[in-house]
2 protein chains.
Amino acid sequence: MFTDCSSSTTSRLIHLNSLNGAFLPRPCFGQLSLRTTASTWRCTLSIRSSSSPSAIVINGKAEAKNIRDDIKIEVSRMKESIGVVPAEDSSEEEVLKSVSGFNDDPSVHGILVQLPLPSHMDEQSILNAVSIEKDVDGFHPLNIGGLAMRGREPLFLPCTPKGCIELLHRYKIDIIGKRAVVLGRSNIVGMPAALLLQREDATVTIIHSRTINPEEITRQADIIIAAVGQPNMVRGSWIKPGAVVIDVGIKRVEDPSAAHGYRWVGDVCYEEASKVASAITPVPGGVGPMTIAMLLSNTFTSAKRFHNFQ
Amino acid sequence: MFTDCSSSTTSRLIHLNSLNGAFLPRPCFGQLSLRTTASTWRCTLSIRSSSSPSAIVINGKAEAKNIRDDIKIEVSRMKESIGVVPAEDSSEEEVLKSVSGFNDDPSVHGILVQLPLPSHMDEQSILNAVSIEKDVDGFHPLNIGGLAMRGREPLFLPCTPKGCIELLHRYKIDIIGKRAVVLGRSNIVGMPAALLLQREDATVTIIHSRTINPEEITRQADIIIAAVGQPNMVRGSWIKPGAVVIDVGIKRVEDPSAAHGYRWVGDVCYEEASKVASAITPVPGGVGPMTIAMLLSNTFTSAKRFHNFQ
């Protein structure tokens with residue numbers, strides 16, 4: 001029997017988290033094909049007991065608020081930074097000029113290029129133009145190289161993966177020696193998340209579109225980070241009992257029965273997974289707010305570095 | 001019963017490959033502790049049949065010769081490059097000055113910093129000083145970032161991992177969708193080997209010193225790259241029948257019974273593994289010569305790029 005996996009649970013979470021605008025969904029996925037018809041975001045409930053989910057719900061929104069509050073206290077001791085946004089219909093040349101201006105402006109401590117860019121712009125050129133000292137997204141290849149290499153430190157950690165690891169730390173989830181599976185190998189989530197988990201001494205496997213038996217491999221994991229953008233792909237049966245699940249996926253799918261005619265669905269079938277996992281992030285209200293908090297944290301780090309402020 | 005795993009086989013390989021100086025062992029390992037007493041480089045033969053090893057022996061020396069010959073033919077159409085080596089007792093300042101001179105010299109197309117450096121030199125400073133256009137080792141963090149990121153291309157691939165993948169290609173071993181295990185996460189072998197395997201669409205797991213069950217995980221692999229520097233660590237029982245084994249490890253261990261009082265031992269117990277694997281690289285004569293061939297290949301690539309030579 002097919003059941004809308006996310007209905008009751010998501011409703012509860014929307015209530016809990018109230019979607020007050022602090023959450024910003026962002027395309028951040030790997031290579032798996034995306035389909036958003038109803039059939040893909042529904043999943044069979046293999047466990048249909050009446051018991052409530054057993055997993056601890058990792059409240060990214062609350063943690064993100066804590067982080068923002070901490071930064072706010074520190075920032076009050078510093079001059080506020082200035083941000084300027086280029087017009088939407090800019091040419092590549094104009095964007096490059098703006099980036100160059102921000103690079104040179106000592107009052108700007110962080111530059112974020114919101115992807116995807118319009119098709120008339122070359123993503124690599126524009127990303128390369130961002131000064132590495134202000135690349136608070138952490139996507140500069142020199143940062144990624146520093147992240148991959150032992151004995152080196154990137155100037156900034158990419159925000160979403162950093163937010164995932166921060167949630168694990170804040171919920172006191174052991175990482176050292178644990179089997180970790182990252183689903184997805186995108187430049188902005190999957191790949192850096194795998195590198196970060198490895199820096200934390202997890203034993204990491206990356207699953208992607210060419211992986212033959214993703215369910216079997218995922219079932220070996222103590223920690224799962226799902227970032228493929230395939231709604232409800234990770235089912236309850238994929239999860240080892242007691243595993244920790246971080247769901248980066250977020251996709252808006254049409255649902256006439258929902259209040260606004262759509263709902264947000266993650267990569268993980270929450271209703272099934274929350275009965276098997278020991279801890280799980282909801283969608284929305286899990287990783288998303290943490291991404292924004294980490295962006296703030298990176299920008300603050302940059303400002304402190306610039307002002308040599310301890 | 002304990003048996004010297006590598007005796008008869010290594011003797012045969014020394015005969016086959018004749019150790020004529022083309023092979024250069026190089027420290028290239030991860031974080032596992034190294035012990036080179038006799039007990040560590042001996043391994044129990046779990047399979048003591050009289051049959052000869054079933055695995056194809058991947059002849060790195062022969063492939064390296066083919067590559068060198070190919071390059072020689074191409075190079076004959078180009079001016080030869082010039083190399084100069086600084087004195088052994090140089091100060092860090094002198095080395096940096098030499099590196100800077102090589103960076104500026106248009107007749108130098110590749111710069112290799114032989115690691116480890118003497119303790120009075122800062123490895124990171126000297127590696128950072130090498131112009132990325134001449135970093136034929138491929139260790140510059142910008143190169144590693146380019147290797148890790150989808151849609152980017154590093155200027156050079158690190159030589160040993162590149163040699164490992166080249167052997168797989170030359171022996172027509174499928175990589176796409178295969179389970180690959182890399183043992184070791186060093187900057188110069190394990191980590192870039194994992195990134196390269198992933199670029200080739202393998203499903204990659206990295207095993208390191210904090211991994212709890214390396215044997216169990218390794219046994220799931222279709223392709224094993226061992227680069228930990230722990231003689232004979234990977235036993236026959238670790239290998240799935242039919243797997244392909246690339247042994248990067250090479251360690252000189254004392255052996256009074258050997259002709260020179262020592263022998264070379266890899267990370268893999270060759271005598272056991274060669275009965276289980278479908279293909280395996282010997283030590284010596286496997287990956288080592290390929291590393292040198294790839295260094296030549298990278299330098300040639302650099303020269304072609306400099307001269308805009310197709």
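**Figure 1. A cis proline in the loop between E10 and H10 of chain B.** In this predicted model, B:Pro284 sits in the loop that runs between strand E10 (279-280) and helix H10 (287-306) of chain B. Look at the bond leading into B:Pro284: the peptide link from B:Val283 is cis, with omega near 0 degrees. That's worth a second glance, because most peptide bonds are trans.

**Figure 2. Another cis bond in chain B, this one between B:Leu115 and B:Pro116.** Here omega comes out at about -5 degrees. B:Pro116 belongs to the loop between helix H3 (92-104) and helix H4 (123-129) of chain B.

**Figure 3. A positive phi at A:Asn232.** Now we hop over to chain A, to the loop between strand E6 (223-226) and strand E7 (244-247), where A:Asn232 is found. Its phi is near 60 degrees, a positive value in a residue that isn't glycine. For context, most residues other than glycine have a negative phi.

**Figure 4. Two helices of chain A, H5(A) and H7(A), packed against each other.** Their axes lie 9 Å apart and make an angle of about 35 degrees. From H5(A), the contact uses A:Ile144, A:Gly146, A:Leu147 and A:Ala148. H7(A) answers with A:Met191, A:Pro192, A:Leu195, A:Leu196 and A:Arg199. Sort these contact residues by class and you get 7 nonpolar, 1 polar and 1 charged.

**Figure 5. Where chain A meets chain B, with a salt bridge between A:Arg185 and B:Asp201.** The side chains of this pair come together at 2.7 Å, N to O. Across the whole interface there are 4 salt bridges, and 16 residue pairs are in polar contact. On chain A's side, the elements giving two or more residues are helix H4 (123-129), helix H5 (141-148), helix H7 (190-199) and strand E5 (203-207). H5(A) gives the largest share, with 6 residues. By class, this side of chain A has 14 nonpolar, 15 polar and 6 charged residues.

**Figure 6. The two chains and the turn that relates them.** How many residues does each chain bring to the contact? Chain A brings 35, and chain B brings 35 too. Together they bury about 3,400 Å², with carbon and sulfur atoms giving 50% of that area. To lay chain A on chain B, turn it by 180 degrees with a shift of 0.0 Å along the axis; the RMSD is 0.0 Å. That's the relation of a two-fold axis. Both copies use the same surface: 100% of chain A's contact residues recur in chain B.

Terms used
Residues are numbered from 1 along each chain as its sequence is written. Chains are lettered from A and ligands numbered from 1 in the order in which they are written. This is a predicted model: local features need pLDDT of at least 70, side-chain atom pairs count only at pLDDT 80 or more; totals for chains, interfaces and linings use all residues. Side-chain values use heavy atoms; hydrogens and water are left out. Contact means heavy atoms within 4.5 Å. Buried area is the accessible area (1.4 Å probe) that two parts lose on being put together, summed over both. A polar contact is a pair of N or O atoms within 3.5 Å; within protein, one must be able to donate a hydrogen and the other to accept it, and residues adjacent in sequence count only if both atoms are side-chain atoms. Helices (H or I, at least four residues) and strands (E, at least two) are DSSP runs, numbered from the N terminus. Ala, Val, Leu, Ile, Met, Phe, Trp, Tyr, Cys and Pro count as nonpolar, Asp, Glu, Lys and Arg as charged, and the others, Gly among them, as polar. Copies are superposed by least squares on the C-alpha atoms of residues with pLDDT of at least 70 in both. Axes are lines fitted to C-alpha atoms, for helices over the stretch in contact, and angles run from 0 to 180 degrees between N-to-C directions.
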